[in-house]
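Me: Please take a close look at one enclosed space in this predicted model, and describe what surrounds it.

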Amino acid sequence: MTTSHSAFPMGRAEFIALMAMMFATIAFSIDAMLPALPDITSQLTPDQPTHAPWILTSFVLGMGLGTFVAGPLSDAFGRRSIMFCGAGLYIGSAAVAWASQSLELMLIARVFQGVGAAGPRVVCIAIIRDLFTGREMARILSFVMIIFTIVPAFAPAMGVVIIHFAGWRSIFLAFITFSLISALWLGMRLPETLPVENRRPLKMPLIFDAVRQMLQHPVVRISILVQTLAMAILFSLLVLIQPVYQHVFDKLDTFPFWFGAIALSSALSSFLNAMLVVRFGMRRLVTIALALQILFSGVMLLMMDDLTQPRFAFFAVWQAFVFFQAGLTIGNLNAIAMEPMGHIAGMAASVIGSISTVLAAVIASPVGLLFDGTVKPMIGTVFVLACVAFALMLRMGRIEARQPAE
């Protein structure tokens with residue numbers, strides 16, 4: 001790390017664990033809700049059950065909107081203060097959602113909860129960029145993702161336990177506790193990583209200039225688009241996964257355990273990425289992962305003549321690779337986009353996160369309405385998004401190949 005030991009009391013292992021916990025606020029807020037959807041549907045929206053997954057996408061939408069402002073604010077006022085403000089909004093919104101008696105109020109609260117979660121998300125990425133660069137930054141992000149993926153693996157099972165003993169509303173109390181712990185940990189152990197002399201005043205011309213710099217950079221622009229598609233793949237799976245397990249495979253009771261075991265595959269991919277990224281580079285690993293996703297999803301579509309009764313074993317392997325692909329792509333794409341933007345790290349993290357998250361939520365939201373009692377909408381959506389993302393990565397490769405000659 002670039003900070004002296006006396007000023008920076010935290011070791012690398014603790015630093016990675018803290019960054020992972022801050023980032024995991026997102027996964028916990030989404031995945032722990034999955035087992036609660038049937039209960040929420042029966043109590044708040046029994047006449048329109050397809051609206052229940054909006055509890056997931058409303059959070060994602062709020063997170064994307066909040067991400068855009070969290071970065072410039074952290075560039076102007078420092079990383080710690082924005083993290084604390086975001087945690088406060090997250091906790092307050094979770095309390096409103098806990099008390100909600102209508103789906104509409106809960107969706108509004110979830111949007112603001114997502115806005116609050118954007119603080120830890122952006123601060124985490126910006127802090128890593130403050131302290132690391134290049135492939136080492138990608139390596140640290142990979143280690144963060146390894147720990148981060150443990151949360152979605154166990155979050156549904158944790159949600160089941162909470163629902164069993166205290167009801168589905170207590171999940172929001174768990175969100176509050178989780179956020180309090182991460183905020184206190186950061187407050188006690190992590191000093192400010194953005195010196196006052198390096199901060200950028202919060203002025204609209206500077207913000208527009210930062211956005212212009214990013215969107216004019218072809219590699220950064222493409223990496224944002226590909227990250228959007230990679231996140232849309234993951235969100236589309238999350239939106240449809242509970243109804244698929246319930247209605248297609250009749251495995252609602254064991255869903256949290258299957259989901260957790262399969263989600264751990266992304267931890268393996270993040271570990272593999274950390275081992276390989278320094279040697280092979282970020283772009284090559286992303287391209288290979290997307291190519292394999294196209295292959296696996298295409299095979300799934302071709303081999304299942306009767307998609308209403310697919311073999312669960314095949315589906316479980318395919319689902320595992322969706323998580324595996326996420327571990328090989330999202331962190332690397334963040335690093336690719338952030339690398340040329342070190343002078344505006346907070347703003348860059350905001351633009352990247354905001355555009356990719358909002359657009360991914362917009363893509364994934366209608367996917368939930370496509371559910372027809374089969375796995376076809378899920379697999380078909382992933383196949384199409386992976387094809388587009390792969391084509392964009394080939395374009396990025398051609399751009400990078402021309403750069404030394406320019």
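Reply: Helix α9 provides the largest share of the lining of the second largest cavity, namely three residues, and α3 (54-77) joins α9 in that each of them supplies at least two residues of this lining. The space inside the second largest cavity amounts to about 70 Å³, and it is lined by 10 residues, with P72, D75, R200, P201 and I207 being the closest to its centre. Sorted by class, this lining holds seven nonpolar and three charged residues, and no polar ones. The model, which is a predicted one, contains seven cavities of 30 Å³ or more when counted by this rule.

Helix α9, which spans residues 204-216, also meets helix α10 (residues 218-248), and there the two axes come within 5 Å and cross at roughly 85 degrees. Since angles of 65 to 115 degrees count as roughly perpendicular, α9 is therefore roughly perpendicular to α10. On the α9 side the contact is made by M214, L215 and Q216, while α10 contributes P218, V220, R221 and I224; by class, these comprise five nonpolar residues, one polar residue and one charged residue.

An open site can be set beside the enclosed one: the second largest pocket has a volume of about 200 Å³ and is lined by 13 residues, with R135, M282, R283, I336 and E400 lying nearest its centre. Here the largest share of the lining, three residues, comes from helix α12 (residues 282-303), and the lining of this pocket divides into five nonpolar, three polar and five charged residues.

Methods:
Residues numbered from 1 in each chain as written. Predicted model: local features only at pLDDT ≥ 70, side-chain atom pairs only at ≥ 80, totals over all residues. Heavy atoms only, no water. Axes fitted to C-alpha atoms, helices over the stretch in contact; angles between N-to-C directions. Helix = DSSP H or I, 4+ residues; strand = E, 2+ residues; numbered from the N terminus. Parallel < 35°, antiparallel > 145°, perpendicular 65-115°, else oblique. Contact = heavy atoms within 4.5 Å. Nonpolar A, V, L, I, M, F, W, Y, C, P; charged D, E, K, R; others polar. 1 Å grid on protein atoms, 1.4 Å probe; cavity = no way out; pocket = protein on both sides within 12 Å on 5 of 7 lines; lining within 4 Å. Points joined across faces, edges and corners; volume = space filled by probe spheres on them.
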